[in-house]
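Here is a set of short exercises to work through with the sequence and the model side by side. Try each task yourself before you read its solution.

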Amino acid sequence: MNIEILCVGRLKDKFFEEAAAEYEKRLGAFGKIKITELPASPLPDAPNEKQIAAALQKEAEGIRKHLPKNAAVYPLCIEGKLLSSEQLAEEFQKTALGGQNTLVFIIGGSYGLSEEIKKLGKLRLSMSPMTFPHRLARVMLLEQIYRAFTIIEGKTYHK
C-alpha cells in the first residue's frame, strides 16, 4: 500500500518532527510512505473572508498538482466523519479490495481546506470535534494510520 500525506505548511518544532519521523519509520513496514509539504499562502494577521478564500484557492491549486491518479483521497476537516481506529482499518481494507493501492490524506493549513478539495475525497475524515494545530494533526494522523495497519495485520500494538 502506498500512503501519501499532503500537508499545507511545515513542521517547525523539533518534537513534532521527531514524532512524525518515528511513525514514518514504523509505517515503512506496511508500504511506501511519502509526505509532501506544500507552502501555506501568506495572510495578514486578521484576514477577511475574501483573503482567506483566495489563500485556500491558491493552496488548492498546489494540492491538485500533487494528487496521484486513481488514489483514494481523504481530506481532513472538522465536518468530516469520525471513525474509530477499527473503522479506519476497515476503510483501508475496503479501499484495497476495490483495487486502489494509494491512500492520500490532505491536511490543510490554519484555515483548513477549500470546499473544492474537500469534495475530491472518497471520504472526509475528522480527527475530533476539537481543533488541533495542523502540525499536531500530522503526528496524530500518522499514528492512526500506523494503528490501522497494525489492526489489519493483527499486531499487538492496538489495544
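The exercises below concern a predicted model, and each one comes with a worked solution.

**Exercise 1. The sheet**

Task: Find the order of the strands in the sheet, and say which strands lie at its edges.

Solution:
- Step 1. Begin with the order: 5 strands make up an open sheet, arranged β2-β1-β4-β3-β5. Their pairing is parallel.
- Step 2. Now look for strands that pair on one side only; these are β2 (32-38) and β5 (125-126), the edge strands.
- Step 3. Check one pair in detail. β1 and β2 are paired in the parallel sense over 7 bridges, and Asn-2 stands opposite Lys-32 in β2.
- Step 4. Check another pair. Strand β3 (residues 72-82) runs parallel to strand β4 (residues 102-107), and 4 bridges join them. Here Pro-75 is found opposite Ile-106 in β4.

**Exercise 2. A strand and its surroundings**

Task: Is β1 largely enclosed by the rest of the structure or open to the outside? Then find a helix that packs on the sheet.

Solution:
- Step 1. Count the buried residues, using under 20% relative accessible area as the cut-off. In β1, 6 of the 7 residues are buried, so this strand is largely enclosed by the rest of the structure.
- Step 2. Look for the helix: α2 (residues 49-65) packs on the sheet and touches β1 (2-8), β2 and β4.
- Step 3. Compare directions. The direction of α2 makes about 160° with that of β1. Angles over 145 degrees count as roughly antiparallel, which is therefore the label for α2 and β1.

**Exercise 3. Two helices that meet**

Task: Describe how α3 and α5 cross, and what kinds of residues form their contact.

Solution:
- Step 1. The axes of helix α3 (residues 85-97) and helix α5 (residues 134-153) come within 8 Å and cross at roughly 75°.
- Step 2. The two helices are therefore roughly perpendicular to each other.
- Step 3. List the partners. From α3 come Ser-85, Glu-86, Leu-88, Ala-89, Phe-92 and Gln-93, and they meet residues of α5 including Gln-144, Ile-145, Arg-147 and Phe-149.
- Step 4. Sort the residues of this contact: 8 are nonpolar, 3 polar and 2 charged.

**Exercise 4. The nonpolar cores**

Task: Which element supplies the largest share of the largest nonpolar core?

Solution:
- Step 1. The largest nonpolar core has 27 residues. Those with the most contacts inside it are Ile-5, Leu-27, Phe-92, Phe-105, Ile-145 and Phe-149.
- Step 2. At least two residues of this core come from each of β1, α1 (14-27), β3, α3, β4 and α5.
- Step 3. The largest share, 7 residues, belongs to α5.
- Step 4. Follow one residue. Leaving aside neighbours within four places in sequence, Ile-145 is in contact with Ile-3, Ile-5, Leu-27, Phe-92 and Phe-105.
- Step 5. Another core, of 11 residues, lies apart from this one; Val-8, Leu-38, Leu-113 and Ile-117 are among its members.

**Exercise 5. Buried or exposed?**

Task: Decide whether Asn-70, Ser-114, Ser-41 and Gly-62 are buried, partly exposed or exposed.

Solution:
- Step 1. Recall the cut-offs: buried is under 20% relative accessible area, exposed is over 50%, and partly exposed is in between.
- Step 2. Asn-70 lies in the loop between α2 and β3. Its relative accessible area is 68%, so Asn-70 is exposed. The phi of Asn-70 is near 60°, a positive value in a residue other than glycine. Most residues other than glycine have a negative phi.
- Step 3. Ser-114 belongs to the loop between β4 and α4 (115-119). With 10% relative accessibility, Ser-114 is buried. Beyond its neighbours within four places in sequence, Ser-114 is in contact with Leu-56 and Ala-60. Although Ser-114 and Ala-60 are 54 residues apart along the chain, 6.5 Å separates their C-alpha atoms.
- Step 4. Ser-41 sits in the loop between β2 and α2. Its relative accessible area is 12%, so Ser-41 is buried. Not counting residues up to four places away in sequence, Ser-41 touches Ala-55, Lys-58 and Glu-59.
- Step 5. Gly-62 is in helix α2. At 22% relative accessible area, Gly-62 is partly exposed.

Conventions:
Residues numbered from 1 in each chain as written. Predicted model: local features only at pLDDT ≥ 70, side-chain atom pairs only at ≥ 80, totals over all residues. Heavy atoms only, no water. Pairing = 2+ DSSP bridges. Contact = heavy atoms within 4.5 Å. Axes fitted to C-alpha atoms, helices over the stretch in contact; angles between N-to-C directions. Parallel < 35°, antiparallel > 145°, perpendicular 65-115°, else oblique. Nonpolar A, V, L, I, M, F, W, Y, C, P; charged D, E, K, R; others polar. Core = buried A, V, L, I, M, F, W, Y, C linked by side-chain atoms within 4.5 Å. Buried < 20%, exposed > 50% of the residue type's maximum accessible area, 1.4 Å probe, protein only.
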